[in-house]
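This report concerns the pairing of charged side chains and the setting of one helix. Please examine the sequence and the model shown here before reading on.

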Amino acid sequence: MANARTKLTVVGAGSVGVSLAYAALIRESAAEVALYDIAEQKVEAEVLDLAHGTQFTGSAVSGGADPAVVEGSDVVVVTAGAKQQPGQSRMELAATNAGILERLMPTLLERAPDAVFVIVTNPADVMTVVARRVTGLPAERVFGSGTVLDTSRLRWRLAERAGVGTASVHADIVGEHGDTEFPLWSNARIGPVPILDWRGGEPFTMDELDRVAHEVRDAAYTVIRGKGATNLAIGLSGARIVEAVLRDEHAVLPVSTVLDGVRGIRGVALSLPSAVGAHGARVVAETPMSAHEEARLLASAEAIRAAVEALG
């Protein structure tokens with residue numbers, strides 16, 4: 001059931017924002033789900049469409065084009081921005097979407113000064129750095145959706161291959177939510193069994209795992225080619241992050257926070273397993289990884305740093 005007196009506001013009534021609001025409504029992630037967008041006719045239509053289904057959920061729905069919609073929010077999820085086009089990288093979106101966030105975040109913070117802010121707008125890691133700079137909030141209170149979706153894609157693929165339930169796969173994608181992301185194979189497990197030791201069928205090989213990693217990395221491009229956007233799974237993963245905050249779960253999820261010294265990385269946001277609760281997100285700094293994986297993490301950080309610096 002929805003938490004009493006909790007409010008989620010989703011900013012942006014595009015395909016991702018509406019999917020997230022719909023997922024949160026169905027999952028009863030919050031007592032009230034609000035949708036805010038400056039496109040008045042579009043957002044009012046989406047709110048009306050959602051509201052028509054509230055007989056079948058335990059959550060209320062509100063929204064509109066007035067920033068007052070955001071007031072009283074416990075969590076604000078930002079999806080507003082230009083969407084990724086076929087053949088376009090997430091980083092190519094950076095300049096346009098940074099400008100949108102620079103104008104938007106002060107208004108959101110003014111209306112919901114105590115909220116936790118979750119950035120979904122792509123490129124999410126770069127936009128998380130921008131949002132934190134603009135708001136001046138502590139790193140734990142403004143974080144990106146990170147590789148939560150990428151990790152879900154990975155676990156689904158491994159579960160399908162191993163013939164087990166997805167919840168029994170323990171493996172994380174870390175680093176950039178994008179082209180330099182990678183799995184932490186060194187501590188990936190199916191149940192209690194290291195993935196290379198799994199014998200519930202044909203054993204995994206590193207070559208096969210590398211192919212799976214590439215497939216997961218490029219999954220968004222595959223979906224975009226076929227239907228123009230990724231929206232349903234990111235909506236579900238966003239709702240899951242919101243629940244971890246509103247229920248103060250301290251759930252360990254690979255969200256993206258601006259790091260301050262973890263493995264020598266400072267000033268850029270990337271994904272590592274993090275405890276997510278009412279306080280926001282705090283990185284699990286002691287996450288084990290091999291020397292090769294640590295090198296890949298540093299390379300991922302440098303890719304994000306270059307994109308941030310390109311914005312000036």
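Asp172 has a relative accessible area of 16%, and it is therefore classed as buried, since the limit for that class is under 20%. In this predicted model, the side chain of Asp172 forms a salt bridge with that of Arg155, with an N to O distance of 3.1 Å. The two residues belong to distant parts of the chain, 17 residues apart: Asp172 is in the loop between β7 (169–170) and β8 (173–174), whereas Arg155 is in helix α5 (residues 148–162). Arg155 has a relative accessible area of 24% and is partly exposed.

Side chains of opposite charge can pair when their charged atoms come close. The structure contains 14 salt bridges, and three of them are described in this report.

A second salt bridge joins Glu215 and Arg157, whose closest N and O atoms are 3.0 Å apart. Because Glu215 lies in helix α6 (residues 206–217) and Arg157 in helix α5, this pair ties together parts that are 58 residues apart in sequence. Glu215 is partly exposed, with a relative accessible area of 39%.

A third salt bridge is formed by the side chains of Glu243 and Arg247, at 3.8 Å from N to O. How many residues are joined into one network by salt bridges that share partners? The network consists of Arg27, Glu243 and Arg247. Glu243 is buried, with a relative accessible area of 3%, whereas Arg247 is partly exposed at 33%.

The distances of the three pairs are collected below.

| Salt bridge | N to O distance |
|---|---|
| Asp172 and Arg155 | 3.1 Å |
| Glu215 and Arg157 | 3.0 Å |
| Glu243 and Arg247 | 3.8 Å |

Glu243 is also one of the buried residues of helix α8. This helix covers residues 232–246, 15 residues in total, and its first and last C-alpha atoms are 21 Å apart, close to the 21 Å expected at 1.5 Å a residue. Is α8 largely enclosed by the rest of the structure, or largely open? It is largely enclosed, because 11 of its 15 residues are buried. Among them are Ile234, Gly235, Ile241, Val242, Val245 and Leu246. Just after α8, Asp248 adopts a positive phi of about 50°.

Key:
Residues numbered from 1 in each chain as written. Predicted model: local features only at pLDDT ≥ 70, side-chain atom pairs only at ≥ 80, totals over all residues. Heavy atoms only, no water. Helix = DSSP H or I, 4+ residues; strand = E, 2+ residues; numbered from the N terminus. Expected span 1.5 Å × (residues − 1). Buried < 20%, exposed > 50% of the residue type's maximum accessible area, 1.4 Å probe, protein only. Salt bridge = Lys/Arg side-chain N within 4 Å of Asp/Glu carboxyl O.
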